[in-house]
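Subject: Structure handover

Hello,

Here is the structure I promised you. Please open it next to this email, and then read on for what turned up.

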Amino acid sequence: MKYPKLTALLFIILIGAMIYQQRLYRWLQNQEFINKTLPTFLNANGLRDDGTIETDINGNGVKDYIVETIPLECGSCHSRPLYIFEDGKILFKYIMDDGEILNPDTISLDHAIILKEPTRLDNEPLCCPSKYHITKIKCKNSQCGLYDSNDNPIKANS
Ligand SMILES: [Ca+2]
């Protein structure tokens with residue numbers, strides 16, 4: 001090889017350009033999702049965004065969006081759909097019952113959303129629960145599921 005240093009430099013520049021192009025493409029895809037796909041989806045389903053968390057719940061390097069929603073017709077709904085989107089597709093949906101995400105900053109480390117939800121007792125009004133329990137949404141690859149506080153699988157409600 002006549003110019004090994006120049007060849008190596010060109011190779012590094014080429015690899016760098018490929019990585020940058022991929023990042024740019026991902027960034028554009030994410031912008032498209034946030035500005036177009038998600039609002040269109042929410043509008044079509046009569047929902048409004050009540051908080052979106054950007055994270056990587058399944059640890060595959062592809063950004064995920066955890067979207068808490070409220071039905072548009074509700075003033076004070078207790079059932080609120082939560083969606084996990086990846087690559088513009090729904091990875092998981094769960095109808096929360098007044099759910100509160102306890103670990104918004106560590107979802108990618110926990111590979112789980114940890115929710116606090118009221119435990120509904122027969123003699124209590126919806127407004128004023130006295131007991132709460134933990135529900136976890138855990139994701140591995142493109143499979144997500146519901147678990148209780150002891151990590152036992154529980155049946156989905158949606
Ligand atoms: Ca991901």
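Which residue takes a positive phi just after helix 1? It is Gly-46, with a phi of about 65°. Please keep in mind that this is a predicted model.

**The helix**

Helix 1 covers residues 4–44. At 1.5 Å a residue, its 41 residues should span 60 Å. The end C-alpha atoms are 58 Å apart, which agrees. Still, helix 1 has a kink of about 45°. The kink is centred on Phe-33. How many of the residues of helix 1 are buried? The number is zero, so helix 1 lies largely in the open.

**The four-stranded sheet**

Next come the sheets. One is an open sheet of four strands, in the order 1-2-3-4. Its pairing is antiparallel. Strand 1 (47–55) and strand 4 (89–97) are the edges, and each pairs on one side only. From one strand to the next, the twist averages 20°.

Strand 2 takes in residues 64–71, and strand 3 takes in residues 79–86. The two run antiparallel and are joined by five bridges. To find the register, look at Asp-64: Glu-86 in strand 3 stands opposite.

**The five-stranded sheet**

There is also an open sheet of five strands, with the order 5-6-7-8-9. The pairing here is antiparallel. Its edge strands are strand 5 and strand 9 (153–154), each paired on one side only.

Here is how some of its strands are joined:

- Strand 6 (residues 112–118) and strand 7 (residues 132–140) share seven bridges and run antiparallel. Pro-118 faces Tyr-132 of strand 7 across this pairing.
- Strand 7 and strand 8 (residues 143–148) share six bridges, again antiparallel. Lys-138 is opposite Gly-145 in strand 8.
- Strand 8 and strand 9 are joined by two bridges and run antiparallel. Tyr-147 is opposite Pro-153 in strand 9.

**The turn at Asn-141**

Strand 7 and strand 8 form a hairpin with two residues between the strands. Asn-141 lies in that loop. Its phi is positive, about 50°, although Asn-141 is not a glycine. Is Asn-141 buried or exposed? Asn-141 has 9 other C-beta atoms within 10 Å, so it is exposed; the cut-off for exposed is 12 or fewer.

**The loop between strand 4 and strand 5**

Two residues deserve a look here: Asp-98 and Gly-99 both lie in the loop between strand 4 and strand 5. Strand 5 itself is 100–101.

Asp-98 has a positive phi, near 50°, and is a residue other than glycine. With 18 C-beta neighbours inside 10 Å, Asp-98 counts as partly exposed.

Gly-99 has 20 C-beta neighbours inside 10 Å, so it counts as buried. The cut-off for buried is 20 or more. Which residues does Gly-99 touch, leaving out those up to four places away in sequence? They are Arg-80, Leu-82, Leu-115, Lys-116 and Glu-117. Asn-60 is another matter: Gly-99 and Asn-60 are 39 residues apart in sequence and 26 Å apart in space, C-alpha to C-alpha.

**The core**

In soluble globular proteins, nonpolar side chains tend to be buried together. In this model, the largest nonpolar core has 18 residues. Which residues have the most contacts inside this core? They are Ile-66, Ile-84, Phe-92 and Cys-139. The elements that give two or more residues to the core are strand 2, strand 3, strand 4, strand 6 and strand 7.

Phe-92 is a good place to start when you turn the model. Not counting residues up to four places away in sequence, Phe-92 touches Ile-84, Ile-137, Cys-139 and Cys-144.

**One more residue in strand 8**

Leu-146 lies in strand 8. It has 18 other C-beta atoms within 10 Å and is partly exposed. Leu-146 and Tyr-94 are 52 residues apart in sequence, yet 8.7 Å apart in space, C-alpha to C-alpha.

Best wishes

How values were computed: Residues are numbered from 1 along each chain as its sequence is written. This is a predicted model: local features need pLDDT of at least 70, side-chain atom pairs count only at pLDDT 80 or more; totals for chains, interfaces and linings use all residues. Two strands pair if DSSP finds at least two bridges between them. Axes are lines fitted to C-alpha atoms, for helices over the stretch in contact, and angles run from 0 to 180 degrees between N-to-C directions. A nonpolar core is a set of buried Ala, Val, Leu, Ile, Met, Phe, Trp, Tyr and Cys residues joined through C-beta atoms within 7 Å. Two residues are in contact if their C-beta atoms, placed from the backbone, lie within 7 Å. The expected span of a helix is 1.5 Å times one less than its number of residues. The bend at a residue is the angle between axes fitted to the seven residues ending there and the seven starting there.
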